[in-house]
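Let's take a friendly walk through a protein and the ligand it holds. Have the 3D view ready, and turn it as you read.

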Amino acid sequence: MESQVRIFSGTNTKYLATSIAEAYGVEVGKAEVRRFSDGEICPVILESIRGDYVFLVQSTVAPSDNLFELLLLIDSARRASAAYITAVIPYFGYARQDRKDKPRVPIAAKLIANLLTAAGTNRIMTMDLHAPQIQGFFDIPVDHLESSTIFIPYIKSLDLHDVTFAAPDVGGVNRARAYAIHFNKEMVICDKYRKRPNEVSAMTVIGDVTGRNVIICDDIIDTGNTLSNASDLLLSRGAKSVRALITHPVLSGKAYENIERSSLTEVVVCDTIPLKKESRKIKILSVADLFATAILNMYEHKSITSLFINN
Ligand code: R5P
């Protein structure tokens with residue numbers, strides 16, 4: 001009998017797994033994440049997946065229980081004789097710890113890659129890794145989707161003139177450049193210096209934004225400090241407006257308040273992570289159709305790159 005596509009979800013991305021499954025034309029598979037009274041996680045897949053292509057959807061945003069749940073789901077699927085397991089991780093957490101930039105720190109992203117592989121996944125499907133080279137931490141295939149597939153049509157729908165793209169830090173230069181090249185526009189760079197995680201100590205802008213509608217492109221918004229500082233700086237340098245397109249809305253600490261109070265016109269994010277509340281400045285675009293198409297293409301052995309606008 002032919003292998004079927006079966007989509008299952010961890011706890012934190014149920015809303016997204018449901019939309020992906022709907023876009024694909026199947027129902028989310030029956031699974032439950034049970035807990036012992038001490039909090040130990042005990043997931044159970046409630047239907048046979050023997051010989052099937054199993055897709056386990058879970059973003060590994062904090063707390064680490066989300067990651068652990070995914071590892072246990074992979075183990076369950078492997079022991080239940082799935083033919084092929086793909087961990088669908090719309091937001092790959094711990095990716096900011098991707099290098100040993102000071103003594104005696106972990107390379108967490110590499111450790112997570114090892115754990116996922118050891119648990120038994122055959123493939124990873126994810127989106128906008130903090131650094132694309134994290135794909136090299138895996139010795140199994142990684143389908144790395146790009147949020148530009150979603151953001152480019154959105155930018156076109158704005159019908160904005162005098163647009164300039166901005167990288168909010170040096171790490172985001174390639175991302176902003178890709179948009180600038182696609183739209184044949186200029187780009188600027190905000191040079192950010194941090195003394196410790198989440199705290200921006202100083203920022204300066206390289207390039208001219210006078211009279212421009214600036215679009216900042218980034219992979220993560222966490223506390224919102226980077227974005228609100230960049231927005232103030234760009235406006236003080238003569239920008240007409242500043243908006244942001246950010247793939248992963250981590251939004252911790254006082255992020256919502258920071259965004260509300262900021263000089264940003266809007267912050268457009270993807271639904272790779274569930275939002276804790278609504279905000280008049282935050283607009284959400286769904287990645288469900290893109291992931292559903294990527295799952296179909298993977299299953300039918302068709303190109304995933306063909307889904308990218310800039311390919
Ligand atoms: C850092 O390199 C990332 O791309 C983001 O700019 C950063 O994680 C945003 O953090 P926060 O919102 O806390 O400033």
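## Around the ligand

In this predicted model, a good place to begin is G224, where a backbone N or O atom lies 2.8 Å from an oxygen atom of the ligand. How much of the ligand does the protein bury? Taken alone, the ligand exposes 370 Å², and 92% of that is buried by the protein.

Two side chains also reach an oxygen atom of the ligand, D218 and D219. Here are the three contacts together:

| Residue | Part of the residue | Distance to a ligand oxygen atom |
|---|---|---|
| D218 | side-chain N or O atom | 2.6 Å |
| D219 | polar side-chain atom | 2.6 Å |
| G224 | backbone N or O atom | 2.8 Å |

Now widen the view. The ligand is surrounded by 15 residues, and the closest are D218, D219, T223, G224 and T226. By kind, the shell divides into 7 charged, 6 polar and 2 nonpolar residues.

Which elements give two or more residues to this shell? They are strand β9 (186–196), strand β11 (213–221) and helix α6 (225–236). Of these, β11 gives the most, with 4 residues.

## A look at helix α4

Next, find helix α4, which covers residues 148–158. Its buried residues are S148, T149, I150, F151, I152, Y154 and I155. When you look along a helix, it helps to know that an α-helix has 3.6 residues a turn, so residues three or four places apart point the same way.

Just after α4 comes D159, and its phi is positive, near 50°.

Terms used: Residues are numbered from 1 along each chain as its sequence is written. This is a predicted model: local features need pLDDT of at least 70, side-chain atom pairs count only at pLDDT 80 or more; totals for chains, interfaces and linings use all residues. Side-chain values use heavy atoms; hydrogens and water are left out. A residue is near a molecule or strand if one of its heavy atoms lies within 4 Å of it. A polar contact is a pair of N or O atoms within 3.5 Å; within protein, one must be able to donate a hydrogen and the other to accept it, and residues adjacent in sequence count only if both atoms are side-chain atoms. Accessible areas come from the Shrake-Rupley method with a 1.4 Å probe; for residues, only the protein chains shown count as cover. Ala, Val, Leu, Ile, Met, Phe, Trp, Tyr, Cys and Pro count as nonpolar, Asp, Glu, Lys and Arg as charged, and the others, Gly among them, as polar. Buried means under 20% relative accessible area, exposed over 50%, partly exposed in between (1.4 Å probe, protein chains only).
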